[in-house]
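Student: Could you walk me through this structure? I'd like to work through a few questions with it on screen.

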Amino acid sequence: MAGAAGQEYDVVILGGGSGGYAAALRAAELGLSVALVEKDLLGGTCLHRGCIPTKALLHAAEVADTARESETFGVRATLDSVDMTGVNKYKDGIVSRLYKGLQGLVKSRKVELVAGTGTLVAKNTVEVDGTRYVGKHVVLASGSYSRSLPGLEIGGRVMTSEQALTLDTVPERVVVLGGGVIGVEFASVWRSFGAEVTIVEALPHLVPLEDEAASKALERAFRKRGITFSLGVRFAGVEQSDSGVVVKLEDGKTFEADLMLVAVGRGPNTAGLGYEEQGITMDRGFVLTDERLRTNVEGVYAVGDIVPGLQLAHRGFAQGIFVAEDIAGLDPQPIDELGIPKVTYCEPEVASVGLTEAKAREKYGDVDVLEYNLGGNGKSQILGTTGFVKLVREKDGPVVGVHMVGSRMSEQVGEAQLIVNWEAYPQDVAGLVHTHPTQNEAVGEAFLALAGKPLHSHA
């Protein structure tokens, strides 16, 4: 099925990240012929420079904190140092094993994996190094890149997450530019490893896309951990020397550090790939689609970070599956963007799904809100974590938002997703039995309280 032989594929996919490889695997599973084009490594940013390696660092950070705080649990241990060579070996080993597994999956499904930079040269054709791959359908899945700010050059001691993942030493002092997901996760890692960390965020709160109560809880926890931050003031510039950086804000304040991490979001990787030339409607580099992820050009779909919305690996993964099934004629249900869960994996974790309280009030006017404090949860006390489960409910209606803060709250967002997506009422969940002692009980207790029968409720 080589492109040079003139073989037409059922699907040609440009990009082998979470969205692209999911589309490829599902399409092949459904009996479609597939060519998957990837210029770098199969698995994309998430596997090699994003989700997986950063979460490995965060787990290493958790181990460091556990050793440092072991006497709290009656265990006498010491934290001698953080060996970044060893940490990186652990991190890279996880990535390598997952990469090999993914390669095996793609090969076993008989997906034609094409290595090289692809360009859309016709509505049904992707060209790679002079060879053309023609598809009855084309899926654009070219992913994203780390953004910077106008005039801010990346290099030396000013770096993005890609360079930060390869550091072989722990910096003594760091300034993190950006208080979103990437920024607070790296801030959390470096603080656990012993660095002094300052976050600069132009908006009024950290993780500004989350419910305000969650943002404030994270800010309190970060202050307690010794992570400092500047909120509501814009970055003005940075100067770097052989020994460090000086970061300037618009209010005149300055911060000195060993390096600065630029974590101001990710942009769509669409420039120079032929999309606009083929008439695809774009907006600031993003590819516009309908709810079925179809572009304005017949037969061309788009998935993942290049489509406006949450830039999450699991969103792209789900979109890839959806598109494959749509092409195969299965008529899948469109993905509800509001029902996609999101997690910030710092310490403490922030997990949510659905509408924030503010957005719910905008949409419904009158809402019911309840916060269940983890002080009433036995497993949270065992773990030594604080936080809450917050429920947002349409007045006399279903729950439309669940927001959680605390260690390991990422593991509870699965049930929260089901609750919001199934439009469950408090009494529906209150009647379910939640295992004791688990943090999952906190979800159950929150719904008991919202249903009017609170038990382990703590102010």
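Tutor: Gladly! A residue counts as buried when its relative accessible area is under 20%, and as partly exposed between that and 50%. Keep in mind that this is a predicted model.

Student: Is Ser 18 buried or exposed?

Tutor: Ser 18 belongs to helix α1, which covers residues 18–29. Its relative accessibility is 13%, and the cut-off is under 20%. Ser 18 therefore counts as buried.

Student: Which residues does Ser 18 touch, leaving out those up to four places away in sequence?

Tutor: With those sequence neighbours set aside, one contact is a cysteine, Cys 46. Cys 46 has 19% relative accessibility, so this residue counts as buried too. The full set touched by Ser 18 is Gly 43, Cys 46, Ala 313, Gly 316 and Phe 317.

Student: How many disulfides are there in the whole structure?

Tutor: A disulfide needs two cysteine sulfur atoms within 2.5 Å. A search of the whole structure for such pairs gives a count of zero.

Student: Now the open sheet of five strands: which strands stand at its edges?

Tutor: The strand order is β20-β21-β24-β23-β22, with antiparallel pairing. An edge strand here has a single partner, so one of its sides is left without a neighbour in the sheet. That description fits β20 (342–344) and β22 (367–373).

Student: What is the bridge partner of Glu 371 in β23?

Tutor: Strand β23 spans residues 388–394 and runs antiparallel to β22, with seven bridges joining the two. For Glu 371, the partner in β23 is Lys 390.

Technical notes
Residues are numbered from 1 along each chain as its sequence is written. This is a predicted model: local features need pLDDT of at least 70, side-chain atom pairs count only at pLDDT 80 or more; totals for chains, interfaces and linings use all residues. Side-chain values use heavy atoms; hydrogens and water are left out. Helices (H or I, at least four residues) and strands (E, at least two) are DSSP runs, numbered from the N terminus. Buried means under 20% relative accessible area, exposed over 50%, partly exposed in between (1.4 Å probe, protein chains only). Contact means heavy atoms within 4.5 Å. Two strands pair if DSSP finds at least two bridges between them.
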